[in-house]
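Work through the following exercises with the sequence and the structure side by side. Try each task yourself before you read its solution.

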Amino acid sequence: SPLNIFEYGSGYSTVYFTRFLCQHNISYQWHSIDNNLVWHSKIKNLINTHDASQQVFLHVKEFLPYWQKPDWIENNPAVDCSKFSPQNDNERHYIDFLSTLKTKFDLILIDGRFRRRCLSEARNYLKPDGVVFVHDAVRRYYFSQNNMYRYSAYINGGKYSFIEKNPHQVWIGGQGDLVKTIIQKLEEIKN
């Protein structure tokens with residue numbers, strides 16, 4: 001049966017991974033949701049260039065990113081972050097969009113807004129051996145409820161540029177033995 005994949009935050013990874021799956025004749029169905037209509041349209045055009053429109057379903061729930069909301073001040077610990085939690089219907093529908101698809105997923109990628117809430121929501125829609133990845137997982141508060149997944153680990157993703165101070169991190173998690181095996185293999189590679 002085809003791989004069933006969901007992604008919070010459409011982007012170049014959507015294009016890259018769906019091309020990879022097509023090039024390797026891997027059957028899949030990919031759903032992705034984004035919050036920016038202009039970006040959504042750009043990614044949709046890129047997907048259409050490699051004729052994956054029958055397997056890739058892009059959705060959008062438009063809302064402002066937190067840094068464009070009133071009262072946002074970069075790196076200010078005095079900012080009341082609760083003001084930037086989901087406040088309107090589109091933000092809430094973005095997070096709970098998985099529920100509208102009425103299925104379970106083999107893989108859920110989180111690379112968009114409200115990552116902590118999406119991580120919590122994702123666990124309800126994973127197949128028993130499903131895997132969740134969180135891209136750019138440097139903010140530890142994403143995982144304040146880390147015990148919601150039986151197995152989890154951080155993967156050093158390297159630096160994309162010499163000017164970056166810290167490497168990118170990917171978090172992987174899940175409930176089943178597949179994730180456990182992946183984490184064990186990653187540990188073997190590190191050692």
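## Exercises on salt bridges, burial and a surface patch

In this predicted model, the side chains of Arg 92 and Asp 89 are joined by a salt bridge, with 3.3 Å from N to O.

**Exercise 1.** Explain why the contact between Arg 92 and Asp 89 qualifies as a salt bridge, and find where the two residues lie.

*Solution.* Begin with the cut-off, which asks for a side-chain nitrogen of Lys or Arg within 4 Å of a carboxyl oxygen of Asp or Glu. The N to O distance here is 3.3 Å, so the pair of Arg 92 and Asp 89 qualifies. Next, locate the partners: both belong to helix α3, which covers residues 89-95, and they stand three residues apart, or about one turn of the helix. Finally, consider accessibility: Arg 92 has a value of 37% and therefore counts as partly exposed.

**Exercise 2.** Which helix holds both Lys 185 and Glu 188, and how far apart along it are they?

*Solution.* First, note that the side chains of these two residues, Lys 185 and Glu 188, meet in a salt bridge with an N to O distance of 3.8 Å. Then look at their position: both are part of helix α6 (residues 177-190), where three residues, about one turn of the helix, set them apart. As a last step, sort them by accessibility, for which over 50% means exposed. Lys 185, at 46%, is partly exposed, whereas Glu 188, at 52%, counts as exposed.

**Exercise 3.** Is Arg 115 buried or exposed?

*Solution.* Start from the limit for a buried residue, which is under 20% relative accessible area. Arg 115 has 12%, and it is therefore buried. Now turn to its partner: Arg 115 forms a salt bridge with Asp 111, in which the closest N and O atoms are 3.1 Å apart. Asp 111 itself, at 26%, counts as partly exposed. To close the topic, the structure holds four salt bridges in total.

**Exercise 4.** Describe the setting of Trp 171, beginning with the strand in which it is found.

*Solution.* Trp 171 belongs to strand β7, made up of residues 168-174. With a relative accessible area of 1%, Trp 171 is buried. Its C-alpha atom is 8.9 Å from that of Val 138, although 33 residues separate the two along the chain.

**Exercise 5.** Which helix gives the most to the nonpolar patch on the surface?

*Solution.* First list the members of the patch, which are Leu 3, Tyr 16, Phe 17, Phe 20 and Ile 26, together offering about 430 Å² of accessible area. Helix α1 (residues 12-23) gives the most, with three residues, and Tyr 16 is found in this helix.

Methods
Residues are numbered from 1 along each chain as its sequence is written. This is a predicted model: local features need pLDDT of at least 70, side-chain atom pairs count only at pLDDT 80 or more; totals for chains, interfaces and linings use all residues. Side-chain values use heavy atoms; hydrogens and water are left out. Helices (H or I, at least four residues) and strands (E, at least two) are DSSP runs, numbered from the N terminus. Buried means under 20% relative accessible area, exposed over 50%, partly exposed in between (1.4 Å probe, protein chains only).
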